[in-house]
Amino acid sequence: MHPPRTTRSTRAPGIREPMERLTPSTFKHHFDPQRFPKATCLLVRVEAPNLLRCPIFENKGFMPLGHAEVRFLTWWSKLPPREYYQVTWYISWSPCSECAVKVATFLKSHSNVSLSIFAARLHYHQELKNRLGLHRLVLAGAKIKIMDLQDFENCWRNFVNLPTFQPWKKLQENCREWTIRLQGIFRNAMDRLTSETFPLQFNNMHRLKKPYYSRDAYLCYRLDGPQSAQRCFWYKMKEEKEGNPNLPTETLDPAFRPPQAVEKVVCHFIHEIESLDLDPVRKHSITCYCTWSPCPLAAERLVSFLKAHRHVSLALFTARLYYHWRGGHQEGLRLLAKAGVHVAVMTGKEFADCWETFVDHQGKPCAPDVLHALDSRSESIARRLQRILGDTPNLLAEAFGDLQL
């Protein structure tokens, strides 16, 4: 026998009363990963001592205030205060960037709430703002994963009015595909680099020797002050071959690559710092170690960020200069310096600190010959940066730079 349904007139639009159940066809419409419904369905399980609630939320329109996640936050205000709540979400689409910010803010102001999010699929996961939104949720303490077969069975048992879940066609295959995509999003952020990654990606040789590999955009930051934090971000550079299909793969040179990854890694860094809600009354200093110096757009974003956060100071050390012979890139570096950013080339001291702070080195020091080679090569890069930042540019040196030697 199916549980009785509450009439629509007794509840707010888009919110179903606790313990109401979905029909199998409605559940399949929203949660089958092979389908792409326009609306979001959010199934919630709230547990606390002597309390269990299982409300269902659906989108009401397409404006952010009508999103299922926001409707949950409105509903939450009616719950009695408790010492601890364990909240589980089964959601048909992962939260959009705006909802992610709202939920992350909620979690930071409710330290007694633990949130686990099980998503059937990812909402516009190619868009950077939505990827950063998921990172922001994790930073706020949420746990996020793609639903697997066990999660679908748990969800069915709690929210569908039939006793047994019969897996849909290709369900587990689709779950694996979405899981790989989610893992790809979180691969762009890590607490530490591997000891193999550091010498490859922070290698400051002008041109690589065979075997060639991609030197990608990495940014490692350390926040010092009343709210300390540290993290590493990376984005893979687009290969030159994408723009020139006739170019042999073995001749790819990472110095000639489009700026998308360099800009993305800076955007990721800025969004993370903003999500920390740093106390504006106190001073905060940030040290960044980058594999490539910022491109013009990234420089503009950093300057805008610092103008909006006067309580933050930034020191940026780079292993290599990105398109250093181009006027726009040079102007971007000068713009950073004028905004008060300490822009410098990594020397042996900074490489050693980066190794110690951001590499999972298992207690082993960085090889002395590696540090010596990095330090010796940094001298010519530092002279080039000084000429770029100087008031009177060395025209002869810039002419040689234009030759990309």
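## Strands E6 and E7

In this predicted model, strand E6 (residues 113-119) pairs with E7 in the parallel sense, over four bridges. The connection from E6 to E7 runs through helix H4 (residues 128-139), and this β-α-β crossover is right-handed. Within the pairing, serine 116 stands opposite lysine 143 in E7.

Strand E7 covers residues 143-146 and has two unlike faces: Ile144 and Ile146 make up the covered face, while Lys143 and Lys145 make up the uncovered one. In a regular strand, side chains alternate between the two faces of the sheet.

## Aspartate 151

Helix H5 (residues 149-159) contains aspartate 151. Its relative accessibility is 7%, and because buried means under 20%, aspartate 151 counts as buried.

Which residues is aspartate 151 in contact with, leaving aside its neighbours within four places in sequence? They are Tyr90, Phe118, Lys145 and Ile146. Of these contacts, Lys145 belongs to the uncovered face of E7 and Ile146 to the covered face. Phe118 falls within the residue range of strand E6, 113-119.

## The largest pocket

The largest pocket has a volume of about 370 Å³. It is lined by 20 residues, and those closest to its centre are Lys38, Thr40, Trp93, His123 and Tyr124.

By class, the lining of the largest pocket is made up of nine nonpolar, seven polar and four charged residues.

Definitions and conventions
Residues numbered from 1 in each chain as written. Predicted model: local features only at pLDDT ≥ 70, side-chain atom pairs only at ≥ 80, totals over all residues. Heavy atoms only, no water. 1 Å grid on protein atoms, 1.4 Å probe; cavity = no way out; pocket = protein on both sides within 12 Å on 5 of 7 lines; lining within 4 Å. Points joined across faces, edges and corners; volume = space filled by probe spheres on them. Nonpolar A, V, L, I, M, F, W, Y, C, P; charged D, E, K, R; others polar. Buried < 20%, exposed > 50% of the residue type's maximum accessible area, 1.4 Å probe, protein only. Pairing = 2+ DSSP bridges. Right-handed = clockwise from strand over helix to strand, strands pointing away. Contact = heavy atoms within 4.5 Å.
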